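Hi everyone, thanks for making time. I'd like to walk you through a structure that's new to most of us, so have a look at it first and then we'll go piece by piece.

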Amino acid sequence: MSTGRTVHSFTDDALGDLDAVGLAAEIRSGGVGREEVVEAAIARAERVNGDLNAVQADCFERARRVAGRAPGGVFSGVPSFVKDNTDVVGLPTCHGSAAFDPRPAKRTGPPAAQFLAQGFVLLGKSTMPEFGLTASTEYVGRPPTRNPWNTAYSAGASSGGAGALVASGVVPIAHGNDGGGSIRIPAAVNGLVGLKTTRCRLLDQPGARSLPVNLVSEGVLSRTVRDTAHYLAAAEQYRLNRALRPVGLVEGPGGRRRIGVVRYDVLGRPVHQETGAVLDSAVKALAGLGHEVREVRLDLDARFVEDFKLYWALFAVVLSAASKAGHGSAFRPRDLDPFTKGLAGMVRRAPWAVVPAVRRLRGATALYDAHFAEVDVLLSPVLSHPAPLLGELAPDQPFEETFAKLVDYVGFTPINNIGGGPGISVPHGLFSNGLPGSVQLSAARGGERTLLELAYELEEVSPFPRIGR
């Protein structure tokens, strides 16, 4: 039995219940003032952050100074947050870790530049777990980020702070990134839309494209499909990857599709009963809209899971070494969470296994592509079971137990990161504990338009649950 409560900030102020596109339109028309909007968002953050712990660092005074002269763009004047692993000049980047001494960044990194160019007024940095290496935004010796639907539960990760801030109404949209589900997971457990784009669709963190397998894609978490669609179109206008077909602005449903329904995770295991019921509801909705629906299986095996686990563990080593090299004495490896240290230990125990694992993962793009030979889209759960209670995935739990729980929980999202294809988390229904349900749509590389069109349809036929309604 949980002892949490619902926490949200929706009220009759300048933000109201508007999504980011609607709020930007109100600002442009003069219906609300830029300064008024920023003050409302700051008041909302101050009202709920004591309960949610979703703000890593704020720049409220800076936001007040620039509110009246926000840059142009489709979201001009809309307040938002950037995730704590992305450099913004003047704000510290601590990657969710207590091992860093907070020091202001000297420049804004490419992902934040692409995000902020759309006219957002930055309110600060959102929380994340250490280096984004787990699926719940929890810490050692510090309060966790809490799910606003029920504060006893996890807000997901690694973009957990972004998810909590958007779902609770502080801002309508926020920056995130996704290396194994880190946009889609917090979107799922907070009742939001979360799109992981095709590899290299948007600008990456420095050095990401030189990694053996580039897992991480940048993006946003939002309350409506149109916010995500408008952001992607605007981001493409800022910097278009000419190696990929442009998505453009998707404004509604498209044609009928062949949809493959995935009911079992990468190890062939069934999901939680309620997760399966949410999937069944989405299948019924899409079939009722005239889409061709058939049952399929993921064509992967246990070796894929073991290779991904080892490569993910390698991230702990690489990120720690890069942090030490870049920050010197301002980074203290001894203060890393036990979970991060446990991941690094996996690599130290089997260094000989890294190279063949990477080689196989590099070949997994073809395995991913093969899933779309006879279907246009895969429909699956985002996660294997509803969000866990806080503490179940805490980083100070025994490492082997926690890692096994993560494998059981995150059974559907990593394939998109390895294969490089897009996936979107779409809210759908409610679980018996009151938390939002969700499903994932995945497409071949470059298939974001198809995913957004289907997401619009699901939003129309089954309006997304919303806190405070």
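**A walk through the model**

Let's start with one strand, β6: Ser217, Gly219 and Leu221 point one way, Glu218, Val220 and Ser222 point the other way, and all of them are buried. One thing to keep in mind throughout is that this is a predicted model. As for the alternation, in a regular strand the side chains switch back and forth between the two faces of the sheet. What's nice here is how covered the strand is: β6 spans residues 217–222, and 6 of its 6 residues are buried.

So who are the neighbours of β6? On one hand there's β4, residues 173–178, which pairs with β6 in the antiparallel sense over 6 bridges. If you want a spot to click on, glycine 176 has glycine 219 in β6 as its bridge partner. Then there's β5, residues 193–196, also antiparallel to β6, with 2 bridges. There, glycine 194 stands opposite leucine 221 of β6.

Now zoom out. These strands belong to an open sheet of 8 strands, and the order is β4-β6-β5-β10-β11-β9-β7-β8, with mixed pairing. Which strands stand at the edges? That would be β4 and β8, the latter being residues 292–296; each has a single partner strand, so one side of each is left without a neighbour in the sheet. On average, neighbouring strands in this sheet are turned by 25 degrees against each other, ignoring direction.

Further along that order, look at β9, residues 377–380, and β11, residues 436–443: they pair antiparallel over 4 bridges. Leucine 379 has leucine 441 in β11 as its bridge partner. Hold on to those two leucines, please.

Here's where they come back. The largest nonpolar core has 145 residues, and the ones touching the most other members are Leu123, Tyr231, Leu343, Leu379, Ile424 and Leu441. Which helix gives this core its largest share? It's α9, residues 302–327, with 10 residues. As for leucine 441, leaving out residues up to four places away in sequence, its contacts include Val377, Leu378, Leu379, Ile424, Leu451 and Leu458.

Okay, on to another sheet. This one is open too, with 3 strands in the order β1-β3-β2 and mixed pairing. The edge strands are β1, at 55–58, and β2, at 79–83, each pairing on one side only. Neighbouring strands here are turned by 40 degrees against each other on average, again ignoring direction. β1 and β3, which covers residues 121–126, run antiparallel and are joined by 3 bridges. One pair to find there is aspartate 58, standing opposite glycine 124 in β3. And across β1, β2 and β3 lies helix α2, residues 34–52, running at about 20 degrees to β3.

Last stop, a pair of helices. How do α10 and α13 cross? The axes of α10, residues 338–349, and α13, residues 399–409, come within 10 Å and cross at roughly 90 degrees. That makes α10 roughly perpendicular to α13. On the α10 side the contact is made by Phe339, Gly342, Leu343, Met346 and Arg349, and on the α13 side by Phe399, Glu400, Thr402, Phe403 and Leu406. Sorted by type, the residues of this contact are 6 nonpolar, 2 polar and 2 charged. You may recognise Leu343, by the way: it was on the list of core residues that touch the most other members.

That's my tour, happy to go back to any of it.

How values were computed: Residues numbered from 1 in each chain as written. Predicted model: local features only at pLDDT ≥ 70, side-chain atom pairs only at ≥ 80, totals over all residues. Heavy atoms only, no water. Pairing = 2+ DSSP bridges. Axes fitted to C-alpha atoms, helices over the stretch in contact; angles between N-to-C directions. Contact = heavy atoms within 4.5 Å. Buried < 20%, exposed > 50% of the residue type's maximum accessible area, 1.4 Å probe, protein only. Parallel < 35°, antiparallel > 145°, perpendicular 65-115°, else oblique. Nonpolar A, V, L, I, M, F, W, Y, C, P; charged D, E, K, R; others polar. Core = buried A, V, L, I, M, F, W, Y, C linked by side-chain atoms within 4.5 Å.
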